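Colleague: I should like to learn how to read the features of a structure that is new to me. May we go through it together, one feature at a time?

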Amino acid sequence: MLVDSHCHLDRLDLTAHQGSLDVALDAARARGVGHFLCIGVSADNAKAVKDLSERYNDVDCSVGIHPLDLTPDGAPPLDWLLQELAHPHVVAIG
């Protein structure tokens with residue numbers, strides 16, 4: 001079984017898949033992908049990736065802040081990141 005360990009299911013261009021995430025995932029599954037890790041890049045998209053992980057049994061997610069969005073003098077929101085780990089499909093933070 002293949003695992004897509006870094007995908008952005010919430011940001012896909014679905015044109016080639018009739019505009020459907022279901023069709024895109026089925027195409028990947030048909031090629032042997034058995035699990036997906038949808039990567040969260042900000043607090044703004046954390047809900048979207050968690051919702052996707054709840055919708056599909058073979059999708060888990062991470063939550064986090066993209067390094068380019070951090071400021072040199074600002075600390076990452078560690079309290080928020082640690083709280084997000086309580087979600088059953090959040091398997092990583094970054």
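Modeller: Let us begin with one pair of residues: leucine 37 has aspartate 60 of strand 3 as its bridge partner. Please keep in mind that this is a predicted model.

Colleague: How should I read such a pairing, and how many bridges join strand 2 to strand 3?

Modeller: The general idea is that strands of a sheet pair through backbone hydrogen bonds, in either a parallel or an antiparallel manner. Here, strand 2 (residues 33-38) and strand 3 run parallel and are joined by 3 bridges. Phenylalanine 36, for instance, stands opposite valine 59 in strand 3.

Colleague: Which strand is joined to strand 3 by a further 3 bridges?

Modeller: That is strand 4, which runs parallel to strand 3. Within this pairing, serine 62 is placed opposite alanine 92 of strand 4. Between the two strands the chain passes through helix 3, and this β-α-β crossover is right-handed.

Colleague: What is the order of the strands in the sheet as a whole?

Modeller: The sheet is open, has 4 strands with parallel pairing, and follows the order 1-2-3-4. Its edges are formed by strand 1 (2-7) and strand 4 (90-93); each has a single partner strand, so one side of each has no neighbour in the sheet. On average, neighbouring strands of this sheet are turned by 25° against each other, direction ignored.

Colleague: Are the residues of strand 3 buried or exposed?

Modeller: A useful general point is that side chains in a regular strand alternate between the two faces of the sheet. In strand 3, 5 of its 5 residues are buried. On one side these are Val59, Cys61 and Val63, and on the other Asp60 and Ser62, so both faces of the strand are covered.

Colleague: Which strands does helix 2 lie across?

Modeller: Helix 2 lies across strand 2, strand 3 and strand 4, and it runs at about 160° to strand 3.

Colleague: I should now like to turn to charged side chains. How many salt bridges does the structure hold?

Modeller: In general, side chains of opposite charge can pair when their charged atoms come close. This structure holds 6 salt bridges. One of them joins arginine 29 to aspartate 58, with the closest N and O atoms 2.6 Å apart. Arginine 29 belongs to helix 1 (residues 21-30), whereas aspartate 58 is in the loop between helix 2 (46-55) and strand 3 (59-63); the pair therefore ties together parts that are 29 residues apart in sequence.

Colleague: Is aspartate 58 buried or exposed?

Modeller: Aspartate 58 is buried, its relative accessible area being 13%, while arginine 29 is partly exposed at 28%. These two residues also belong to a network of salt bridges that links Asp26, Arg29 and Asp58.

Colleague: Which residue meets glutamate 84 in a salt bridge?

Modeller: Its partner is lysine 50, at 2.7 Å from N to O. This pair links distant parts of the chain, with glutamate 84 in helix 3 (residues 78-84) and lysine 50 in helix 2, 34 residues apart. Both residues, glutamate 84 and lysine 50, are buried.

Colleague: With which residue does arginine 11 form a salt bridge?

Modeller: Arginine 11 pairs with aspartate 10, and their closest N and O atoms are 3.8 Å apart. Arginine 11 is exposed, with a relative accessible area of 53%, and aspartate 10 is partly exposed, at 29%.

Terms used
Residues are numbered from 1 along each chain as its sequence is written. This is a predicted model: local features need pLDDT of at least 70, side-chain atom pairs count only at pLDDT 80 or more; totals for chains, interfaces and linings use all residues. Side-chain values use heavy atoms; hydrogens and water are left out. A salt bridge is a side-chain nitrogen of Lys or Arg within 4 Å of a carboxyl oxygen of Asp or Glu. Buried means under 20% relative accessible area, exposed over 50%, partly exposed in between (1.4 Å probe, protein chains only). Two strands pair if DSSP finds at least two bridges between them. Axes are lines fitted to C-alpha atoms, for helices over the stretch in contact, and angles run from 0 to 180 degrees between N-to-C directions. Contact means heavy atoms within 4.5 Å. A crossover is right-handed if, with the strands pointing away from the viewer, the path from the first strand over the helix to the second runs clockwise.
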